[in-house]
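Hi,

Here is the structure I promised to pass on. Have a look at it first, and then read on for my notes.

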Amino acid sequence: MTRRFYPEPSCFCLLSLTSGFSRQPHLISKLDHINTAELITRSCGGDPIAIESLVHAYSTSVYRLALSMLDDAAEAEEATQDALLTAINHLSSYRGESSFSTWLYAIALNVCRGRLRQRRARERLAQVLQVFSRVNAETSEQVEQQVAERETDAAIWQAIKALKDKEREVVILRYYHQLHQECIAQILGVSDRTVRARLSAAYATLRVALQGKVDWK
Amino acid sequence: MTALTHDRVCRVLDTGREQLSVAERVELDQHLAECAECRAYAAELTALQSTLGRVLHERWDGLRPDPQLENRFQARIRRQTMSRRILNNALGVAALLAVVVIFVALFSARAQSTAANSPTAVTPNTLTPTTLPTLTSMPTSPSALPTLADASTPQASGSNVLPDWLDERVDIGVATLHLHCYGKGSPTVVLNGGPSEAWITWQSVISAVGKFTRVCAYDRAGLGSSSPGPEPRTSQQMANELAALLDKAKIPGPYVLVSHSTSNWIDRLYTAQHRDQVAALVFVAPFHEDMISGTLAILAPYPADLESTRQEMANKGEGLSVDDWLTSADQVRAAGTLGDLPLVLVAPGKVASGSEPYAGQMAAMLAQQEQQLLALSTNSVRLVADNSGHFIQRDQPQMVVQAIQLAIEKIKP
């Protein structure tokens, strides 16, 4: 099988990959010197050193993505492990049709979506138990919200949280990870036009949600 | 005014100037200079976009992954790679033996045929295939191979020393369960989350308890990274799976069993069957086994509420129907009391009664049931987590840690 490799920086903004760590120059320089294509080829052959290097190179950026999607540090660690293991177990299916980072981000995003679904099921069950015992027990979510409400940017965060999943994903990938629209489209497996439509819809929702709460001037 | 329409300008601004050619940018700037409405929209959008970036960065940039995170990944991947290698080698050996067995069988048949034709030939008893290992005795599937815990942890080789942390999937036959352990020492604290709660609910508790003893949390079958388990998902089934997990992963007792919500049912059933292994119990915001039947009785005069509650419970209970919950309650009731086993109960402090006409009756029932839970042991104590709702392990993890410390102190020497 011929595998085509995209050199990382040409297709994917390397700095934006590590946007959360932009104040960590050592990490960026380390990534710069990695020959991803060689690492992947050797990892596919089961070379443990290559696999270790691959994990070292990408674990932090995958963690950043998971953290931004799940907004929970502990769960982000779990998701990062799952995403990296899934990627390593399926390295042979990476055909170089996109950059490796894009492929890895897409896997991580799917893991996070699964965890969000599980989390919603858990929250629903917690509500049910409260309904069952007819007790208005305050959940940690409510406690967290009370703390957040004291913060200046709480309204904006709540508005982002309230966006539809698909819209929130593009907002976070665009404004936290600072990815270009083409990269977002590749990660999500949709067209550029769809990404633009989701961004526009997100702006419209956010403007309405924040009307009167935030002074833009 | 230029040819750009207001809608077109909005779309262009939404998607960013980087999409535009130089000529289009000039045209856009010209339009903005002339149109106050579009200028206001552009200003608002720019402010919104920069605010979004700032809010998100402030929220997450300060959070750093655990410094041990990468080491944990690396070790987990190494174990998995090793396990796969063992499997591949085993399959290779099995294939080789298959060839040998076929060859020997053919040779034997040919020798017998030669013997039949020649009265002087020796009967080749020593060449029968039965003297060789058969294919069926070779490990050909992952479940037949040593578990990850067997292959990678030192206790498998006879030592009692466990690594400081463990994060793996353990095959218990009916399912593969995700187990996470941390710390050293005895007793081993075993954490069991409430309905539909994966092990991660205990994250803060684990990091604190792991500093003074060994602590393990797991995903029950069907939760988190564990595979689904057999149905019906009753508490007894879950207790059996917990026993198999501790046994297969060779997690040494004695155990301090810590449970949240209705999961005290699972721990009590486990205790009834493995009393010698359990040193103490901690119940975090527990519900008594009579809570569901009691609630159904109180709601009986209110058919609409009763029906909606039953339906919600049936739809969303970790694979348990209302009948499964009631069956589980029967199982726990039959398990009996805890004797003088140390028991620490942590109650949530932030619980307000509802406004329904039966709210008072319900609150009284829950208070009485909490007393019944405390009375399960002659050696029990109640703590209150003043600033917590139902999820004390998240709201005030230090209270759960204190309860565990207290339970360990109460264990008889």
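How far apart should the ends of the 14-residue helix α7 of chain B be, and what does the model give? Please keep in mind that this is a predicted model. At 1.5 Å a residue, helix α7 (residues 235–248) of chain B should span 20 Å, and its end C-alpha atoms are indeed 20 Å apart, so the two agree. Several of its residues are buried, among them B:Met238, B:Ala239, B:Leu242, B:Leu245 and B:Leu246. Just past the helix, B:Lys250 has a positive phi of about 55 degrees.

One of those buried residues, B:Leu242, leads us to B:Asn192, because the two are in contact by the heavy-atom cut-off of 4.5 Å. B:Asn192 sits in strand β3 (residues 188–192) of chain B. With a relative accessibility of 1%, B:Asn192 counts as buried, since the limit is 20%. Its side chain makes a polar contact of 2.6 Å with that of B:Arg220. Other contacts of B:Asn192 include B:Trp202, B:Tyr218, B:His260 and B:Asp267.

Now to the sheet. Chain B has an open sheet of 8 strands, with mixed pairing and the order β1-β2-β4-β3-β5-β6-β7-β9. Strands β1 (165–171) and β9 (380–385) stand at its edges with a single partner strand each, so one side of each has no neighbour in the sheet. On average, neighbouring strands are turned by 20 degrees against each other, direction ignored. At the β9 end, β7 (residues 343–348) of chain B runs parallel to β9(B), joined by 6 bridges; B:Leu345 has B:Arg382 in β9(B) as its bridge partner. Helix α8 (residues 264–273) of chain B lies across β3, β5 and β6, at about 155 degrees to β5(B).

You may like the cysteines. The count over all chains is 1 disulfide, and it joins B:Cys181 to B:Cys216, with the sulfurs 2.2 Å apart. The pair links distant parts of the chain, 35 residues apart: B:Cys181 is in strand β2 and B:Cys216 in strand β4 of chain B. Both cysteines of the pair are buried. The torsion about their S-S bond is about 110 degrees, so the disulfide is right-handed.

What about B:Cys35, and why is it not bonded to B:Cys38? The closest cysteine sulfur, in B:Cys38, is 3.5 Å away, which is too far for a bond. B:Cys35 is buried, with a relative accessible area of 10%, while A:Cys44 is partly exposed at 35%.

Best wishes

Technical notes
Residues are numbered from 1 along each chain as its sequence is written. Chains are lettered from A and ligands numbered from 1 in the order in which they are written. This is a predicted model: local features need pLDDT of at least 70, side-chain atom pairs count only at pLDDT 80 or more; totals for chains, interfaces and linings use all residues. Side-chain values use heavy atoms; hydrogens and water are left out. Helices (H or I, at least four residues) and strands (E, at least two) are DSSP runs, numbered from the N terminus. The expected span of a helix is 1.5 Å times one less than its number of residues. Buried means under 20% relative accessible area, exposed over 50%, partly exposed in between (1.4 Å probe, protein chains only). A polar contact is a pair of N or O atoms within 3.5 Å; within protein, one must be able to donate a hydrogen and the other to accept it, and residues adjacent in sequence count only if both atoms are side-chain atoms. Two strands pair if DSSP finds at least two bridges between them. Axes are lines fitted to C-alpha atoms, for helices over the stretch in contact, and angles run from 0 to 180 degrees between N-to-C directions. A disulfide is a pair of cysteine sulfur atoms within 2.5 Å. Lists of a residue's contacts leave out its neighbours within four places in sequence.
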